[in-house]
Amino acid sequence: MGLFDKLTGTKRPADGVAPRSAAEVRAALLGLNRSDVPYVIRDGRAEGADLVGEWRMLEPAWQSFFARTRVSRVFQVRMRLVPEKNEVRSLDQQYEVTWVGDTPRLAISAGAQRGQVQTVSKQWTLGGGTGGGLEATETFSFDSSELKNPLQDAVLGAGWTWRGVVTGKL
């Protein structure tokens, strides 16, 4: 792995893994959708991509979870399948979220990021610790790798390269 690959988050499949067809890679990525995960993989044509992986912030079944934790950013991974190179090009996008009551509202602002993004949100509760002092306890943790790692694993397992895009077109 070269320095540029490290900077872009590009990962290559293990030696000897035969590349599968684009249809199989797409099916593997869509196969990550389960009701018990906080993300969804969906068609991305509206965003100029083949597929988009994103948090389920607006889905009623997950909205109370996101409202309770007040996650402040929406994270998306936009993916383009490039069959002639056996690679998936990925571009991360992150937007700030404002909350009105229990409903998230996207606020496209100067806080938007594009490229390869790593974000971690944590929530702590202060309480009485042993010995009478204050103690911080982590009550919530949310990491963009919870979405990105399964995507990368599916692509690499299909014998394709995961190519991170930092600037330019997907």
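## Close-up views of a predicted model

**View 1. Buried residues of helix 4 in the predicted model.** The buried residues of helix 4 are Ser145, Leu147, Lys148, Leu151, Gln152, Ala154, Val155 and Leu156. An α-helix has 3.6 residues a turn, so residues three or four places apart point the same way. The end C-alpha atoms of helix 4 lie 17 Å apart, which agrees with the 18 Å that its 13 residues should span at 1.5 Å a residue. After helix 4 comes Gly159, with a positive phi near 80 degrees.

**View 2. Lys148 and its partner Asp92.** Lys148 belongs to helix 4, which runs over residues 145–157. Lys148 counts as buried because its relative accessibility is 10%, under the 20% limit. Its side chain makes a polar contact of 2.5 Å with the side chain of Asp92.

**View 3. The largest nonpolar core.** This core has 20 residues, and Leu29, Ile41, Met79, Val88, Leu147 and Leu151 are those with the most contacts inside it. Two or more residues each come from helix 2, strand 1 (39–43), strand 2 (51–55), strand 3 (73–82) and helix 4. A second core, separate from this one, has 5 residues, among them Ala49, Leu91, Val165 and Leu170.

**View 4. Surroundings of Ile41.** Leaving aside residues up to four places away in sequence, Ile41 touches Leu29, Leu30, Leu32, Asn33, Leu51, Val52, Gly53, Met79, Leu147 and Leu151. Ile41 is also one of the residues with the most contacts inside the largest nonpolar core, as are Leu29, Met79, Leu147 and Leu151.

**View 5. The salt bridge between Glu87 and Arg163.** The side chains of these two residues meet at 2.9 Å, N to O. Glu87 lies in strand 4 (residues 87–100) and Arg163 in strand 9 (residues 161–164), so the pair ties together parts that are 76 residues apart in sequence. Glu87 is buried, at 4% relative accessibility, whereas Arg163 is partly exposed, at 22%.

**View 6. The salt bridge between Asp50 and Arg80.** The closest N and O atoms of this pair are 3.2 Å apart. Because Asp50 sits in the loop between strand 1 and strand 2 and Arg80 in strand 3, the bridge ties together parts that are 30 residues apart in sequence. Both residues count as partly exposed: Asp50 has a relative accessibility of 22%, and Arg80 has a relative accessible area of 27%.

**View 7. The network of Arg26, Asp43 and Arg45.** Salt bridges with shared partners join these three residues into one network. Within it, Arg45 bridges to Asp43, with the closest N and O atoms 3.0 Å apart. Arg45 is exposed, at 66% relative accessibility, and Asp43 is partly exposed, at 29%. The structure as a whole holds 8 salt bridges.

**View 8. Confidence along the chain.** The mean pLDDT of the chain is 79, and 64% of the residues score at least 70. Among the elements, helix 2 (residues 22–30) has the highest mean pLDDT, 98, and strand 6 (residues 113–115) the lowest, 51. Helix 2 is also one of the elements that give two or more residues to the largest nonpolar core.

Note on methods
Residues are numbered from 1 along each chain as its sequence is written. Side-chain values use heavy atoms; hydrogens and water are left out. Helices (H or I, at least four residues) and strands (E, at least two) are DSSP runs, numbered from the N terminus. Buried means under 20% relative accessible area, exposed over 50%, partly exposed in between (1.4 Å probe, protein chains only). A polar contact is a pair of N or O atoms within 3.5 Å; within protein, one must be able to donate a hydrogen and the other to accept it, and residues adjacent in sequence count only if both atoms are side-chain atoms. pLDDT is the predictor's confidence in each residue, from 0 to 100. A nonpolar core is a set of buried Ala, Val, Leu, Ile, Met, Phe, Trp, Tyr and Cys residues joined through side-chain atoms within 4.5 Å. Contact means heavy atoms within 4.5 Å. A salt bridge is a side-chain nitrogen of Lys or Arg within 4 Å of a carboxyl oxygen of Asp or Glu. The expected span of a helix is 1.5 Å times one less than its number of residues.
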